[in-house]
Amino acid sequence: MKSVYITSMGKFLPGAPVGNEEMEDYLGKIGGRSSKTKRIILEKNQIKQRYYAMDKEQKSLYTNAEMAALAIREALERSASVSPEDVEFLATGTTRADLLLPGFASMVHAETGLPVMEISSHSGLCASGMHALKNAFLHIKSGEHRTAIACSSEFLSREFKHTKFEAQSIYSNGRVPFDTDFLRFMLSDGAGAALLQNEPSAQGLSLRIEWIDNKSYANEYETCMYSGMSKEDGGRSWLDYASIHEAADHGALNLKQDVRLVNEITKVGTRRFLELVEEGRIDPDAVDWMVVHYSSHVFREEIFQLLEQGGVTIPEEKWFTNLYTKGNTAAASIYIMLEELLYSGRLSAGQQIVCVVPESGRFQASTMLLTVVGA
């Protein structure tokens, strides 16, 4: 089996950073009134700025596929040895593609202008970016391909335009329930890409992928974060309404999170991490960097406490995140964090990086172990 290396990374963050006081200038005020939950949510998540791929008139400046292609372009431009013609496989992940069909990878492939190749689309929530990465990893590890790209892109701001909710009869009073409204102040836009090869880069640092572990706990939990149904209507699919207009009026197309269940996400992520420690696949004392996708600062302390209860302590200075300055970009977050860390000048050969991406959709956890190689 071949070794697999991330030899280059790229990101794309659209426009200028948007501060907390400007958020509703972009998203709009539902019914002309500022959200009552905004201040509470921002105090908890502690995000100071984020990026939106639409302007203050709520017009899209890019497509989701275009943002992914721009992140891929940067990764290729940074590569010391790979040209676009060398790429043999493309795997993508996203929460919401621009189109229902065809798959997101097809649209990204077209935007990049890369040659004819094998592609794979992964849809879902935060873990879909890691699923794409594992697919690319396995293709190279098996020897089927020598060079691959994994990427994830999110254009979530357009999910939360005020006009979208004002058009839904169920919210004609202008007040959107907390399970939907709080996500307006949690999620933002951006894309990241990783170039994978069967040998490290001849220049600079590379990240050798030791393994990627994906585990679903859907058999143990109800659906928590979702779109395409309304729990208030018994959880039926949006396709089972009499019309798409009726589904929209009932809020079945909105992105929602069941706040009764959301705190289970930290338990799922730490549970799998502790299992990997017990299995001997992670040595906490050997970990130099913890790159964890937590959607809100409030979850950070919960993770620390759960790890300590499990007998594991990883010092706070080893934890890396850019949540507060880049925002919560869902499936793209792990790429955007790793890209910043890789080019930060803070890594050195031999260091170990553990990446953790928990997902609250119906609960799953993705974990990856990397070793820094090169000079």
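**Exercises on a predicted chain**

Of the 375 residues in this chain, 55% count as buried. Keep in mind that the model is predicted.

**Exercise 1. Work out how the radius of gyration of the chain sits against the globule rule.**

Start with the parts list: the chain holds twelve helices and 14 strands. Next, take the radius of gyration, 20 Å, and put it beside the 21 Å that the globule rule gives for 375 residues; the two are close, so the chain is as compact as a globular protein of that length. For the outline, the C-alpha trace spans about 60 × 50 × 40 Å along its principal axes. Then check the contacts: among those with a separation of 6 or more, 81% come from residues 24 or more positions apart.

**Exercise 2. Describe the surface and the charges of the chain.**

The accessible surface is about 15,200 Å², and carbon and sulfur atoms account for 49% of that. Now the charges: there are 38 positive and 49 negative side chains. Finally, locate the centres of the two sets, which lie 3 Å apart.

**Exercise 3. Decide whether serine 333 is buried or exposed, and find what it touches.**

First, place it: serine 333 belongs to helix α12, residues 333–342. Its relative accessible area is 4%, and the cut-off for buried is under 20%, so serine 333 is buried. Leaving out residues up to four places away in sequence, serine 333 touches His293, Gly327 and Asn328. As for the record, an unreviewed UniProt entry annotates residues 279–357 as "domain: Beta-ketoacyl-[acyl-carrier-protein] synthase III C-terminal". That span is 34% helix and 15% strand, with its end C-alpha atoms 19 Å apart.

**Exercise 4. Track down the unusual backbone spots at residues 46, 58 and 102.**

Begin with the background: most residues other than glycine have a negative phi, and most peptide bonds are trans.

- Glutamine 46 has a positive phi, near 60°. This residue sits in the loop between α2 (38–45) and β3 (49–50), and is partly exposed at 30% relative accessible area.
- Glutamine 58 also has a positive phi, near 65°. Its loop runs between β3 and α3 (64–78), and at 11% relative accessibility glutamine 58 counts as buried.
- Proline 102 is joined to leucine 101 by a cis peptide bond, with omega about 0°. Proline 102 lies in the loop between β4 (89–94) and α4 (104–112).

To finish, bring in the other annotation: UniProt, in an unreviewed entry, puts "domain: Thiolase N-terminal" at residues 63–167. This stretch is 41% helix and 19% strand, and its end C-alpha atoms lie 23 Å apart.

Conventions:
Residues are numbered from 1 along each chain as its sequence is written. This is a predicted model: local features need pLDDT of at least 70, side-chain atom pairs count only at pLDDT 80 or more; totals for chains, interfaces and linings use all residues. Side-chain values use heavy atoms; hydrogens and water are left out. Helices (H or I, at least four residues) and strands (E, at least two) are DSSP runs, numbered from the N terminus. The radius of gyration is taken over C-alpha atoms; the globule rule is 2.2 Å times the number of residues to the power 0.38. Buried means under 20% relative accessible area, exposed over 50%, partly exposed in between (1.4 Å probe, protein chains only). Contact means heavy atoms within 4.5 Å. Accessible areas come from the Shrake-Rupley method with a 1.4 Å probe; for residues, only the protein chains shown count as cover. Lys and Arg count as positive and Asp and Glu as negative; His and the chain ends are not counted. The place of a charge is taken as NZ of Lys, CZ of Arg, CG of Asp or CD of Glu. UniProt positions are given in the numbering used here, feature names are shortened, and annotations may be inferred rather than shown by experiment.
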